[in-house]
Amino acid sequence: MGRENPAEKALIHLRSRLCDPNFIFRPLCESSDSNYSKLKFLVSSSITEACNNSILLLGPRGSGKIAVLDLVISDLLQEYPDTITVIRLSGLLHSDENCALKEISRQLCTEHQLLFSKMASFDENSQFLIAMLRECGLAHKTIIFVLDEFDLFALGKQRLLYNLLDALQSVTSQAVVIGVSCRLDADQLLEKRVISRFSNRKLLFLPPSKEDVQRLLEHILFLPADSGLPTDYVVEFNAKLKNILADESYKEIINTYLNIDSTVKDFLRYLFRAVSSMDLESGMLSLENFKTALSNIQRHPKLESIKDCSILELYILICMKRLEVKEHNSYNFTTVMKEYKSVHDSFQTSDYYAKNVCLRAFEHLLQRGLIDFTDNRGQNQSVEYRPVKLLISFHQLHQGLKSYRSCPAILQKIMDREK
Amino acid sequence: MVKEESPQITRRTTRSSALAKCPNNVVEETNASSQPPPTLDDLVLGEEGESFSFDDLVSSFPGRQSQIKELVNLLGPQNSPMLPIFMYGGTSTGKTSILLQTFRHLKRPFVYSSCLTCYNPRILFESILNQLILHRKNAENGYSSAKRCERPSDFVNFVREALVSIIGKLQGQKSGKLSSKRSGKANGNMIYLIFDNLERVRGWDKGSTVLPLLLNLYDTLKMPELGLIFVSNTSPDTYDSNMGYVESNPIYFPDYTDDDLGQILMRNQANKKLYTSFLSVVLRPFSRITRRVDELSTAFSLLFRKYCEPVTDLRVVPNEEMKRRLFSHFQPHIAPALNEVFKVSQPCTEVEARERKQKGRTRKSGGYDVVDQLDFHMSTSAKYLLISAFLASRNPATLDASLFDSTGGSNNRKRKRKVSEKSMEQKETAEQELLMKGPGTFPIERLLAIFQCITSVAEDPLDDEEQAQDGLGIQDGHGGLMSDVLLQLTSLCGANFVVKGGSCPLEGSTRYRSTVSEDMALQVARSIKFPLSKYLYRR
C-alpha cells in the first residue's frame, strides 16, 4: 500500500477530480459574465447593503447549479466570516412545511450553538425562525436559505414559501432565498401571494459550449506537475493525452456524445467511465478507453431486453404485435394465447408449449419491462385476464429480432409478413 | 436466485446472510447473547487473511469476465472516489453474487441492503443505519434499531452523521495500523452502500419519493468517501419517475448464452462426463423456453435423476453406445417435461402418470383417473359450491333458467336459429369480449340458487343422473344448508378459489368471481361424479 505505482496514483488523482464539483466548475466561473459572478455579486451586495433578496437558479439537471452556488457560498464564507448562516433545504426531503420548519430550526440551532428541541411545534418553530431573522438582522448577519428542488416546495399550499418570503418583507431581517430548480417554469408555479413577495430574478444555466467542453477536458485530464508524481511520467502522460485530444476520431467521439447528452454532469460521467478503464500497466489513457466508454454508457435497454428473451418469449411478443396490427385495441394473456395457437396452426412451428409454461414466459416479459398492464384496476383479477400493452415499438422488435443471435427463421418470416 | 456462488463459500453466505456477518463458527461456539459487539470488520465480507484473487473471482463466474472487469474498474483502486454505479440485468444473471464476491476480493467495507427484504422505507433506512452505526439487534436492546427513522429528511441527517463517524474510524484505523498492527481487515477509507432489488421501490406506497431520494443520495450527501451501488432487475429507463435524476454509470448483465449456461450447470456436478451428455440432450430445447439459471437448474435436477435411472454406477464414464441407450430411454420424457418446466410441486411427470394409468386400466375400467392427481381436501358441499361458483362465472345469467329447469338439461331450440352474417359477427365480438373480461362476476343470490339446483339434482332419486350420484352424501336438505354454505364460501374465498370483487354500483351487493380453471373444475366435478360438462354453456 505504501508504494503505489504512479499510474494508480494518477488514476486516483483523476478520479477524485471528477468527483469533486468544486474543482470542475472553478474554471467555468472565471469570466465576468458567468453565472458565478452574477450570483456572487447579488449575494455579496445583499450582505454588504443588509437587504433581503431572492433569486431562482434554473437549468437542466446536472448543469451545475448547486456546484456554482456552493462555490459562491464557500468564497463568501471566507470573505465575510461570521456574518453568514446557510440553511439548506431540499424539496425532496422537506416539501412538507412542518418538516421544513423543523429542519430550519435544527440547522439554525447547530449553527448558533443553541439547544434544538425535537418536540417543538410548528408554531414554536415558525416563531423561532422569525425571532432568529430579526436577531440576525440586528446583528447584521445574513441568513442564506438554499431551497433545492424548488418546484417541489411549490406543490400544495406553499405555506413555507409564503412564510419565508413574508418574513423577508420586514426591514429588520436580512436574508437571501435562493431557489434551485430544474423546471424552467418554476416561477409560474407560485401562487399570487407568494410571487408578489418574490423578486423575479432568475439565473439560467445553459449547457456548456464546445469551447467550454474543450477547456474542461484539458482542465480535468492533464496531470499537474506538482502533484507528487514522478515528473517524467507526468510529462509522458500529458504528451500522450495531447495527441489523443488532437486526434480527429477523438473529436468525433466527443461530439457524438455531446449530441446526446450535453450537461456537464453527464459529460463528467462519461469521462469518469473512460478514465476508470485506464490501463494500469502502461499508465496511459488511450483512445480505446474513450471509445469503449461511449459504447458502455450509451445503452439501448429495450433492445438488450429483447436479446435476453428466450425464443418462447419472442413468440409471445410477436403474437402481441400481430394483435396490435390487427387493431385489437386491448388484449390480455388469453387473447395472446389464442393468437399463439393460430400462429402455430398456420406456420406449424416447433415451439408450441403448454399454457402454464407460456404464462410463466409472459410473467418474465412483465418483469423485464417489455410489456405492462394497461391499468392498475382489477388487481384482484388474475394475470391472465388483465389487459396488457407492449412497451416496445414495431421497429424495436424488428431490430431486436435482427440482432438476436439465433433467431428462428420462422419468427423472422412472421415478422416480415406483418409489415 | 443465486445459483453460481463460488465453491468456497456456502450458500448461506451469499445474499443477506453475508451481512449477518458473524462467521458460522462463532455462532456455534458462543451464545447469541455473548456475541462480541460488531466492529468495523463486520462490514467486510470474507475471513481475515484469506486471499481471494481476481482470477478466483473471474473463474467462479463463467461468462462474466467483462462485467467483473468493468465493475472492478469502476470501483477503482483503493481510496479513489467514485460516481454511483447502476447494475442491471435479468433475474439470476449473477448481479448480486458478483458484486458481493467482488467486495470479498477487494476487502472493502460495504453496507448491503435489499429492498426486497427491507420492504418499506422505514425498515430500509433503519437497516442501513444499524449497519453503519455497527449496531446489532439482540435481546438486550429488545431487538430495536439504533435509530428510529421514518422520514427521508431524518434519514439523510442520520446517515450523514453515521458516515462521518465511520469514515473517521476507517481513517483512524489506517493511520493506527502502522504503529500497532490493528486487526482491521477493511481496506481503504471508502464506504460503499449497496441497494439491491431497487425495482421493488417503485411498487412502494412512498416509492415516488424514496426512489429519487436514493438515486440522488450521492448529490445530497456530497461525500467523496461514499460509493453508491444500485442493483436492479430492470433497466434504468423503467425508472421513469416524474422527478428525474442524473443517471448513474450503467453496467449491464446480459442473460447467459447457451455455452455459459452449460458451464454454470456443470459446476458442482460429480460426474461431469455423464452430465455433459445429459446437457447435450436437454439444454437446447429448454433454453428455448427460459434462459434463467434458477429455473433451469431446478428442472434439470429432476430430469437428471430420470436420465440416470438405467445407470447403476453413477461414476461411470459414458461411451457412445451408452449415450445412445440413455437417450432412447430418456427421449419420451423430454417433450412432456418441456411443458411443465415450471411445475414445482410434483416430481412425477405426466409420463409416469400415463404409465400408471395404463397399468390401472386393467384393474379399473377407465374414466376415473383422479387417483394420482392431487386430491382436494374439501367437503362435498364445498366442492358443489366450487362448481356452482364456476358455473355462475362461466354461464350467462340469462341461461340459468333453461339450464337448471326442473326438466333438466338445456333446450337447444334457441341455438337452432338461422345464423346470419351479422349475428356471426356479434358472436365473434362477444367471444373476444369474453376472452378479455375473463370469468364473470355474480351476486351471492345467484350462487346459492345454482347451488341449490345442483345439489337437489344430486339428491333427486328420480333424476336420470341417479346412477352416477350413487353413494353421494348430501344429506341435509335445503333448510340446513344455508349457514354452512356461507361459511364454506368464506373459506373458498380464503383459498382464493373465489374472489370477492367490488360491489356493483347499481345493486350495491358484493359480487364474487370464480378463479378456478376449467380443468380443475372438471376434475372436482369428476371427484363427486357431477356431470359438469352438461351444464356448461359453450359459445
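Select B:Phe300 to begin: in this predicted model its side chain is buried, with a relative accessible area of 0%. Add B:Phe286, which at 1% relative accessibility also falls under the 20% limit and therefore counts as buried. The two rings form an edge-to-face aromatic pair, with 5.2 Å from centre to centre and 80 degrees between the planes. If you colour by secondary structure, you will find B:Phe286 in helix α10 (residues 272–289) of chain B and B:Phe300 in helix α11 (residues 293–308) of chain B, so placed that the pair links parts of the chain 14 residues apart.

Now widen the selection to B:Tyr275, B:Phe278, B:Phe304, B:Tyr307 and B:Phe330, which together with B:Phe286 and B:Phe300 form one aromatic cluster. A search of the whole structure, over all chains, finds 27 aromatic pairs.

Another of these pairs deserves a stop: select B:Phe86 and B:Tyr239, whose rings meet edge-to-face at 5.7 Å centre to centre, with 85 degrees between the planes. B:Phe86 belongs to strand β1 (residues 85–89) of chain B, whereas B:Tyr239 belongs to the loop between β4 (226–232) and β5 (249–253) of that chain, so the pair ties together parts that are 153 residues apart in sequence. Both B:Phe86 and B:Tyr239 are buried.

Staying in chain B, turn to two places where a charged side chain meets a ring. Select B:Arg64 with B:Tyr256, and you will see the charged end of the arginine over the tyrosine ring, 4.2 Å from its centre. Then select B:Arg104 with B:Phe52, where the arginine lies over the face of the phenylalanine at 4.2 Å from the ring centre.

Next, display helix α7 (residues 207–215) of chain B, which is mostly covered, since seven of its nine residues are buried. The buried residues in this helix are B:Gly207, B:Val210, B:Leu211, B:Pro212, B:Leu213, B:Leu214 and B:Leu215.

Before leaving chain B, colour it by pLDDT: the average is 75, and 73% of the residues score at least 70. Among the elements of the chain, strand β3 (residues 191–196) of chain B has the highest mean pLDDT, 93, and helix α1 (residues 24–29) of chain B the lowest, 39. Select residues 344–372 of chain B as well, where pLDDT stays under 50 and the model has 20 contacts beyond four places in sequence. Residues 408–417 of chain B also stay under 50, and there the model has nine such contacts. Where pLDDT is low, the predicted coordinates should not be read in detail.

Move to chain A, which has 21 helices and seven strands. Of its 419 residues, 53% count as buried, and among contacts between residues at least 6 apart in sequence, 71% join residues at least 24 apart.

Select the open sheet of five strands in chain A, whose order is β2-β3-β4-β1-β5 and whose pairing is parallel. Its edge strands are β2 (84–90) and β5 (201–204) of chain A, each of which pairs on one side only. Looking along the sheet, you will find neighbouring strands turned by 20 degrees against each other on average, with direction ignored. Helix α6 (residues 97–111) of chain A packs on this sheet, where it touches β2 and β3 of chain A, and its direction makes about 150 degrees with that of β2(A).

Within the sheet, zoom in on strands β3 (residues 142–148) and β4 (residues 175–181) of chain A, which run parallel and are joined by five bridges. Here A:Val146 stands opposite A:Ile178 in β4(A).

Also in strand β3 of chain A, select A:Thr142, which counts as buried at 0% relative accessibility. Leaving aside neighbours within four places in sequence, A:Thr142 is in contact with A:Ser46, A:Ile47, A:Thr83, A:Ile84, A:Thr85, A:Gln174, A:Ala175 and A:Val176. Add A:Ser44 and draw the C-alpha to C-alpha distance to A:Thr142, which is 9.9 Å for two residues that are 98 apart in sequence.

For the last stop, which part of chain A holds A:Arg17? Helix α1 (residues 6–18) of chain A does, and A:Arg17 is buried there, with a relative accessible area of 9%. Beyond four places in sequence, A:Arg17 is in contact with A:Phe23, A:Ile24, A:His219, A:Ile220, A:Leu221, A:Phe222 and A:Pro224.

Technical notes:
Residues numbered from 1 in each chain as written. Chains lettered and ligands numbered in written order. Heavy atoms only, no water. Pairing = 2+ DSSP bridges. Helix = DSSP H or I, 4+ residues; strand = E, 2+ residues; numbered from the N terminus. Axes fitted to C-alpha atoms, helices over the stretch in contact; angles between N-to-C directions. Contact = heavy atoms within 4.5 Å. Phe/Tyr/Trp six-rings, centres within 6.5 Å; stacked < 30°, edge-to-face > 60°. Buried < 20%, exposed > 50% of the residue type's maximum accessible area, 1.4 Å probe, protein only. Lys NZ or Arg CZ within 6 Å of the ring centre and 35° of its normal. pLDDT = per-residue confidence, 0-100.
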